[in-house]
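Biologist: Please give a close account of the ligand site in this model. I would then like the answer to continue outward to the contacts and backbone features elsewhere in the chain.

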Amino acid sequence: MKTYRIAALAGDGIGPEVMREAILVLRAVEKTFGLGFAITEAPVGWAGIDAAGKALPDDTLSLCKNSDAILFGSVGLPDRDPTLPKEERPERAALLRIRKEFGLFANLRPVQLPKALAHACPLRPERQGDGINVLVVRELTGGMYFGQPKKTETVSEGVRRAIDTMVYTTPEIERIAHVAFKAARLRRKKVTSIDKANVLENGILWREVVARVGKGYPDVSLEHMFVDNGAMQLVLKPTQFDVMLCENMFGDILSDEAAALAGSLGMLPSASLGATSGERTFGFYEPAGGTAPDIAGKNLANPIAQILSSALMLRYSFGETDAAAAIEKAVGVAIRSGLRTGDIYSSSEPQARRAGTREMGAAIAAAIG
Ligand code: NAD
């Protein structure tokens, strides 16, 4: 039996509630698909600070290093975060540290709007086609956010100047392009590469390198689009996109724009991938939303983002595509049955039934296989 080691770091707020449901679903997958998941839970965020004095305790980090993937909840509590210096706050001390430690350079954000949830989407139904299904692949460690020089200086009396530098090297573009083309092969085989080649040197290099990498994937179609048009097309005709490949800043912006199309943060998973060795890619999987303190501990959170994050883990880190698809299908079954957590509930849907976190998780686990 294939066994995978998973570090499950639930974190704060709704983290433990939604993680519990994701683990329930993974246990159902184990049985149906004959897989073994060695899941070890450990504290992170404020849970880490309370247990061991640090947002990312040493034991938690060691566990991650000895695992095949990290399934993460969310960290941070707005009423407690300001009591710490910025660099010790959970999002920085845990999340950024993990990103750096594991060289997570690729961020994948699938945005899927099932037809049954058309009412949750801000676009008119005729713009939604048969349902929106876009994967934004964002480069995570380069570009303007990290390029040097990066500073604010005084030019003359009363005049200051801020400088950020956009830098990409060919290997950085190549490796993220490979991620996008490989992801497209598991989907509808189309990559739209986003750039600003009409204005930026970076855009010209980006386009050239992506086109070259694309030649190695003749089964995947490639188109190039300027970022301003990409932002517009996402709201005009989102169904034209399969995989959108973006550098760091463009991906930051477009992935949030795309996320808005799904109607609720509670539906959106994400994956951050590091290097591949052999058949396995180390990955970090988390919901797109935060700790939602307004609904924490009340059985109100939507567990779907966390559950779909575990499906991404099966697909991208373990290559268990059938098991991943089974989770996604089970989510569809629960949605079509009318179950709705508060964030996706609408009284205009006649068959909708309000469900708590536990009921939604149990329905999805029951629909596996
Ligand atoms: P948030 O995403 O936690 O909440 C925004 C809104 O979305 C809230 O109304 C919340 O109830 C709702 N929401 C989010 N997830 C939901 C779910 N699964 N089901 C139903 N509703 C859901 O953002 P925020 O309020 O700005 O941040 C709260 C805390 O989370 C802050 O401390 C912030 O720093 C932290 N945060 C952490 C991460 C992370 O760990 N990756 C990401 C974002 C925010």
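Modeller: I begin with one polar contact of the ligand: in this predicted model, an N or O atom in the side chain of Asp81 is 3.3 Å from an oxygen atom of the ligand. Backbone atoms contribute as well. A polar backbone atom of Val75 lies 2.9 Å from a ligand oxygen, and for Leu77 the distance from a backbone N or O atom to an oxygen atom of the ligand is 3.4 Å. Taken alone, the ligand exposes 810 Å², of which the protein buries 70%.

The surroundings of the ligand comprise 22 residues, and those that come nearest are Val75, Glu91, Gly290, Ala292 and Asn302. Sorted by class, this shell holds ten nonpolar, seven polar and five charged residues.

Gly290 leads from the ligand to a contact within the protein. The backbone oxygen of Gly290 is reached by the side chain of Ser74 at 3.2 Å. Ser74 belongs to strand β3, which covers residues 69–74. With a relative accessible area of 6%, Ser74 is below the 20% limit and therefore counts as buried.

I turn next to the salt bridges, of which the model has 24. One of them pairs Arg109 with Asp256, with the closest N and O atoms 2.9 Å apart. This pair links distant parts of the chain, since Arg109 is in strand β4 (residues 106–113) and Asp256 is in helix α8 (residues 248–260), 147 residues apart. The two partners fall into separate accessibility classes: Arg109 is buried at a relative accessible area of 14%, whereas Asp256 is partly exposed at 47%.

A second salt bridge joins the side chains of Arg188 and Asp242, with an N to O distance of 3.9 Å. Arg188 sits in the loop between α5 and β8, and Asp242 in the loop between α7 and β10 (243–246), so the pair ties together parts that are 54 residues apart in sequence. Here the arginine is the partly exposed partner, with Arg188 at 44% relative accessibility, while Asp242 is buried at 1%.

A third salt bridge is formed by the side chains of Glu328 and Arg315, at 2.8 Å from N to O. Glu328 lies in helix α10 (residues 321–336) and Arg315 in helix α9, 13 residues apart, and this pair too links distant parts of the chain. Glu328 is partly exposed, with a relative accessibility of 25%, and Arg315 is buried, with a relative accessible area of 15%. In addition, Lys65, Arg97 and Glu101 are joined into one network by salt bridges that share partners.

The loop that holds Arg188 also contains a backbone feature. Lys189, placed in the loop between α5 (170–185) and β8 (190–195), has a positive phi of about 65° although it is not a glycine. Its relative accessible area of 34% makes Lys189 partly exposed. Asn299 is another non-glycine residue with a positive phi, here about 60°. Asn299 is in the loop between β12 (280–287) and α9 (304–317), and it is partly exposed at 32% relative accessibility.

A further backbone feature concerns a peptide bond. Gln148 and Pro149 are joined by a cis peptide bond, with omega at about 0°. Pro149 lies in strand β6, residues 147–156. As background to these features, most residues other than glycine have a negative phi, and most peptide bonds are trans.

The last feature is on the surface. Met232, Val235 and Leu236 make a nonpolar surface patch of about 230 Å². Leu236 is located in helix α7, which covers residues 227–236. At 37% relative accessibility, Leu236 is partly exposed. Its value is over the 30% required of patch residues, so Leu236 meets the accessibility condition for the patch.

To return to the ligand, the polar contacts described for its oxygen atoms involve the backbone of Val75, the backbone of Leu77 and the side chain of Asp81. Gly290 is one of the residues that come nearest to the ligand, and its backbone oxygen is in contact with the side chain of Ser74.

Conventions. Residues numbered from 1 in each chain as written. Predicted model: local features only at pLDDT ≥ 70, side-chain atom pairs only at ≥ 80, totals over all residues. Heavy atoms only, no water. Near = heavy atom within 4 Å. Polar contact = N/O pair within 3.5 Å; in protein donor to acceptor, adjacent residues only side chain to side chain. Areas by Shrake-Rupley, 256 points an atom, 1.4 Å probe, with all protein chains shown as cover. Nonpolar A, V, L, I, M, F, W, Y, C, P; charged D, E, K, R; others polar. Patch = residues over 30% accessible without salt bridge, like charges linked within 9 Å, V, L, I, M, F, W, Y side chains within 5 Å. Salt bridge = Lys/Arg side-chain N within 4 Å of Asp/Glu carboxyl O. Helix = DSSP H or I, 4+ residues; strand = E, 2+ residues; numbered from the N terminus. Buried < 20%, exposed > 50% of the residue type's maximum accessible area, 1.4 Å probe, protein only.
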